[in-house]
Amino acid sequence: TAALLLPVALATFGLDLSYFQGNVSQDSWNCLKQNGHNFAIVQAMTSDGNVNPYAANDVIRAHNAGIEYVDIYLFLTMTKSAASQVDDAMGAMDRAGAKYGSVWLDIEAPGHWRDCGSNKNFFREAVNQIHARGHQPAIYSSASQWGPIMCGDTSFSNLPLWYAHYDNNASFSDWKSFGGWSRPAMKQYMGTTSECGTSIDKDFY
């Protein structure tokens, strides 16, 4: 029995927060921490190519609440250069003194993208720019999105993968390999959920 319980005991639970939640209060962040969320990923770039004006405050407030691990994610638009959007988002965080770890690139919504060749080049530009700024690039996607957007490309499988599957199950028991990844780094297991006066997605690793 102890062996069966071990993976659950070692699991770390957290959340991600989108631009649409606005300016989340410190009280809400404190509540989220108290509810057992030990990491947070905050959207820093919106799909129209603008910096989320609330992101820096959210990152700072997450840390102030005692959440040790805080990352950001970017939903880029192909109407602007990938590198400039990375610079805009990361620069805004840096100027505000918002400390973050990995930078996750949101790869979903095929209608938002172009042909696979252009998509790969655009994505690699973003990855290279994140590296150049001294942070770890990482990927948020799923098999249903990676396939049509990247044509199943495997050349990015060295990067950490955060995948989405809303089965309300904080385990990797549902994992099926795609894009060259043999294992994921993290799973988004529950979609929009009201908690502590805001709305979050729930994640675990």
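This briefing walks through a barrel of strands, one helix packed on the barrel's sheet, and a few residues worth finding in the viewer. Keep in mind that you're looking at a predicted model. The big picture is eight strands that close into a barrel, going round in the order E1-E2-E3-E4-E5-E6-E7-E8.

**The barrel**

- The strand pairing in this barrel is mixed, and neighbouring strands are turned against each other by 30° on average, if you ignore direction.
- To see what mixed looks like, start at strand E1, which covers residues 13-17.
- On one side, E1 runs antiparallel to E8, and four bridges join the two.
- On the other side, E1 is joined to E2 by three bridges, and this pair runs parallel.
- Leucine 15 is a handy landmark here: it stands opposite lysine 202 in E8 and also opposite alanine 40 in E2.
- A bit of background for strands: in a regular one, the side chains alternate between the two faces of the sheet.

**Strand E2 and helix H4**

- So is E2 tucked away or open to the outside? Seven of its seven residues are buried, so the rest of the structure largely encloses this strand.
- Helix H4 (residues 82-96) packs on the sheet and touches E2 (39-45), E3 (69-74) and E4 (103-106).
- The direction of H4 makes about 125° with that of E2.

**Two buried loop residues**

- Serine 18 sits in the loop between E1 and helix H2 (26-34).
- Serine 18 counts as buried because its relative accessible area is 18%, and the cut-off for buried is under 20%.
- Setting aside neighbours within four places in sequence, serine 18 is in contact with Gln43 and Tyr73.
- Aspartate 153 is in another loop, the one between helix H6 (143-150) and strand E6 (161-164).
- Aspartate 153 is buried too, with a relative accessible area of 16%.
- Which residues does aspartate 153 touch, not counting those up to four places away in sequence? They are Lys120, Trp146 and Gly179.
- Lysine 120 is 33 residues from aspartate 153 in sequence, yet their C-alpha atoms are 8.3 Å apart in space.

**A nonpolar patch on the surface**

- Now look at the outside: Tyr69, Phe172 and Tyr205 form a nonpolar patch on the surface.
- Together, these three residues have about 290 Å² of accessible area.
- Tyrosine 205 lies in the segment after strand E8 (198-204).
- With a relative accessible area of 35%, tyrosine 205 is partly exposed.

Notes
Residues are numbered from 1 along each chain as its sequence is written. This is a predicted model: local features need pLDDT of at least 70, side-chain atom pairs count only at pLDDT 80 or more; totals for chains, interfaces and linings use all residues. Side-chain values use heavy atoms; hydrogens and water are left out. Patches are made of residues with over 30% relative accessible area and no salt bridge: like charges are joined within 9 Å, nonpolar side chains (Val, Leu, Ile, Met, Phe, Trp, Tyr) within 5 Å. Accessible areas come from the Shrake-Rupley method with a 1.4 Å probe; for residues, only the protein chains shown count as cover. A salt bridge is a side-chain nitrogen of Lys or Arg within 4 Å of a carboxyl oxygen of Asp or Glu. Buried means under 20% relative accessible area, exposed over 50%, partly exposed in between (1.4 Å probe, protein chains only). Two strands pair if DSSP finds at least two bridges between them. Axes are lines fitted to C-alpha atoms, for helices over the stretch in contact, and angles run from 0 to 180 degrees between N-to-C directions. Contact means heavy atoms within 4.5 Å.
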